[in-house]
Amino acid sequence: MPASILVVDDEEGIRTSLRSILEDEGYQVSVAAGGAEALKACGTDPPDLMMLDIWMPDTDGITLLKEWAAAGELSMPVVMMSGHGTIETAVEATRIGAQDFLEKPIALQKLLATVKKSLRARESQTPAILSLTNFGRTTVLTEFKKRLAQLSSSPAPLMMRGERGSLPEPFARYLQAPGLVWLDAGEALAD
């Protein structure tokens, strides 16, 4: 089965052009005109690779990338695209979790090389973010989720401590409301 690619760009000409090129290379390509469509497409059938424009009218690609990373939903490599990108934007995108950054207009060879490299990286990638859904439905976990739900209904701020990848992280991610930015105090203090 060919790899699936989602192209997210508000410019119809770019969506059409990238779709045509990538389909000619044998990929299964779907398109989205903005962030809302991308969220819907990823929710039903996540692609193997996403090509995400930075500047879009409904929401920018960096914000979407941050939201997906914070929610632990960045399950595919993401290649950011922009005609007005800066080095700072590219660095920020890769720091958040983007696999690569392409500047528009995108050269054909650069596009194809980046897609191949990103898909190879996906194949060798091991899941980095733990999720409570990965632990099954044991009685202990079900009871613990109930206690976490009680904590989440409290208006008081909650701080969980532990090393990255340890159990406090999936518990904190479970409590976090969708769409909120993930703040990793360890990373923030290291800067």
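This passage walks through the fold of a predicted model, from the whole chain down to one helix contact and one glycine.

Starting with the big picture, the chain carries eight helices and five strands. Along the sequence these elements come in the pattern β-α-β-α-β-α-β-α-β-α-α-α-α. Of the 191 residues, 34% count as buried. The accessible surface adds up to about 11700 Å², with carbon and sulfur atoms supplying 55% of that area. As for how the chain folds back on itself, take the contacts with a separation of 6 or more: 63% of them link residues 24 or more positions apart.

The strands come next. All five go into one open sheet with parallel pairing, and the order across that sheet is β2-β1-β3-β4-β5. At the edges sit β2 (28–32) and β5 (100–103), each of which pairs on one side only. Neighbouring strands are turned against each other by 20 degrees on average, if direction is ignored. In general, it is backbone hydrogen bonds that hold paired strands of a sheet together, whether parallel or antiparallel. Here, β5 pairs with β4 (residues 78–82) in the parallel sense, and four bridges join the two strands. One of the residues involved is Val79, whose bridge partner in β5 is Asp100.

Helix α1 is a handy link between the sheet and the rest of the fold. On the sheet side, α1 packs against the strands and touches β1 (4–8), β2, β3 (49–53) and β4. Its direction makes about 170 degrees with that of β2.

The same helix also has a helical partner. Helix α1 (residues 12–24) packs with helix α5 (residues 108–124) at an angle of about 65 degrees, and the two axes lie 11 Å apart. The crossing of α1 past α5 is right-handed. From α1, the contact draws on Leu18, Ile21 and Leu22, while α5 brings in Leu108, Leu111, Leu112 and Val115. Sorted by type, the contact residues come out as seven nonpolar, with no polar and no charged ones.

Finally, a look at a single residue in another helix. Gly43 is part of helix α2 (residues 35–44). Is Gly43 buried or exposed? Gly43 counts as exposed because its relative accessibility is 63%, and the cut-off for exposed is over 50%. Glu73 is 30 residues away from Gly43 along the chain, yet the C-alpha atoms of the two are separated by 9.7 Å.

Conventions:
Residues numbered from 1 in each chain as written. Predicted model: local features only at pLDDT ≥ 70, side-chain atom pairs only at ≥ 80, totals over all residues. Heavy atoms only, no water. Axes fitted to C-alpha atoms, helices over the stretch in contact; angles between N-to-C directions. Left-handed = near helix turned anticlockwise from the far one by under 90°. Contact = heavy atoms within 4.5 Å. Nonpolar A, V, L, I, M, F, W, Y, C, P; charged D, E, K, R; others polar. Buried < 20%, exposed > 50% of the residue type's maximum accessible area, 1.4 Å probe, protein only. Areas by Shrake-Rupley, 256 points an atom, 1.4 Å probe, with all protein chains shown as cover. Pairing = 2+ DSSP bridges.
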